[in-house]
Amino acid sequence: MKWTRVKDWLIGAAGMVVVLAVMAGILWWAASDPARGGEAGPAPSSPVGVERPQVAQPPVGLRDDDVWLADVALDAGTVVATGSTLRDVRTVGQDVVAGPDGLVAAQLTVDATVPFEVVAAKLGSGTVVRSAGGNQVMVMRTVNALGRDLPVTATGTVEVVAGKIVVEPRSIDLGGPDFLSDAIATVVRGLVTIEHSIEGLPEGLVLQDVAVQEDGFRANLRGEDIKLVP
């Protein structure tokens, strides 16, 4: 009797092991992929809504002795050229080709800061230019008008006009009576008007936008087919 019970228990246990083994095999089969004999599987696809960056292609007509760079970036804390100073310069060129014609960028973007002191020096000795807030600039200098030295404070909004940084005074304070200030303001207006061309950069770059910062004018310039090095 006892042996019969032990035999029945062993048969039941063995059956349970077989069932567990079958279930484990089914799960393994469902969770795995068949072997590919060393072949690489398909590349994982991009997440939904995310596009892979396109690989840039060299321009048509690239010669064997040309060197092509898809893009080039250059940062410089200070650049001095043609007697002018630029700070915090960020340059990005695209489709840059180096060859017999020099180094040419199909597209070139330059962001740089023109320090206030550079602009002030062109207005005259003793001139101070600084931010007045709200993208406005304040110009302070002493001018000679009608035989008198007058301290002038002018404020205006910066604009881009004909590729130049321009600040046309909206208000001029001479520190005297209003009627006198209004009369003399017309005389001194040109002496406190800023018209500054950014020099020292490759030809073909055109000033697109300018904003007033605490340390100067932040300028954005762009151009096409710009020769970087002759």
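Okay, let's start at one edge: β9 and β10 pair in the antiparallel sense over six bridges. Pairing here needs at least two DSSP bridges between two strands, and the strands themselves are DSSP runs of E with at least two residues, while helices are runs of H or I with at least four residues, everything numbered from the N terminus. For register, take Ala-211, which stands opposite Arg-218 in β10. Hold on to Arg-218, we'll come back to that one.

Quick housekeeping. This is a predicted model, where local features need pLDDT of at least 70 and side-chain atom pairs count only at pLDDT 80 or more, though totals for chains, interfaces and linings use all residues. Residues are numbered from 1 along each chain as its sequence is written, and side-chain values use heavy atoms, with hydrogens and water left out.

So, the sheet. In what order do the five strands of the open sheet come? The order is β1-β2-β3-β10-β9, with antiparallel pairing. β1 (67-81) and β9 (206-212) are the edge strands, each with a single partner, so one side of each has no neighbour in the sheet. From one strand to the next the twist averages 15°; axes are lines fitted to C-alpha atoms, for helices over the stretch in contact, and angles run from 0 to 180 degrees between N-to-C directions.

Moving inward, β3 and β10 are antiparallel too, with 12 bridges, and there Asp-111 sits opposite Asn-220 in β10. Then β2, residues 84-99, and β3, residues 102-115, are joined by 10 bridges, again antiparallel. Those two make a hairpin with two residues between them, and Arg-87 stands opposite Thr-113 in β3. As background, strands of a sheet pair through backbone hydrogen bonds, either parallel or antiparallel.

Now, what lies across the sheet strands β2, β3, β9 and β10? That's α2, running at about 80° to β3; contact there means heavy atoms within 4.5 Å.

α2 also brings us to the aromatics. How many aromatic pairs does a search of the whole structure find? One. The rings are those of Phe-116 and Phe-217, centres 5.3 Å apart and planes at 85°, so we call the pair edge-to-face. The rule takes rings of Phe, Tyr and Trp (its six-membered ring) with centres within 6.5 Å; planes under 30 degrees apart are stacked, over 60 edge-to-face, and the rest tilted. Phe-116 is in helix α2 (residues 116-123) and Phe-217 in strand β10 (residues 216-229), so the pair ties together parts 101 residues apart in sequence. Buried or exposed? Phe-116 counts as buried, at 6% relative accessibility, and Phe-217 is buried as well, at 0%. The cut-offs are under 20% relative accessible area for buried, over 50% for exposed, and partly exposed in between, using a 1.4 Å probe and protein chains only.

Next, charges. The structure holds five salt bridges, meaning a side-chain nitrogen of Lys or Arg within 4 Å of a carboxyl oxygen of Asp or Glu. Here are some of them.

Back to Arg-218, as promised: its partner is Asp-88, with the closest N and O atoms 3.6 Å apart. Arg-218 lies in β10 and Asp-88 in β2, so this pair ties together parts that are 130 residues apart in sequence. Asp-88 is partly exposed at 49%.

Asp-75 and Arg-90 meet in another salt bridge, 2.8 Å from N to O. That pair links strand β1, with Asp-75, to strand β2, with Arg-90, 15 residues apart. Asp-75 is exposed at 52%, and Arg-90 is partly exposed at 35%.

Then there's Asp-66 with Arg-63, closest N and O atoms 3.1 Å apart. Asp-66 is buried at 12%, while Arg-63 is partly exposed at 40%.

Last stop, Arg-189. Where is Arg-189 placed? In the loop between α3 (178-188) and β8 (194-196), and with a relative accessible area of 30% it is partly exposed. Leaving out residues up to four places away in sequence, Arg-189 touches Glu-168, Pro-169 and Ile-172. Its side chain reaches the backbone oxygen of Pro-169 at 2.7 Å. A polar contact, by the way, is a pair of N or O atoms within 3.5 Å; within protein, one must be able to donate a hydrogen and the other to accept it, and residues adjacent in sequence count only if both atoms are side-chain atoms. As for Ile-172, 17 residues from Arg-189 along the chain, the two C-alpha atoms are separated by 7.7 Å.
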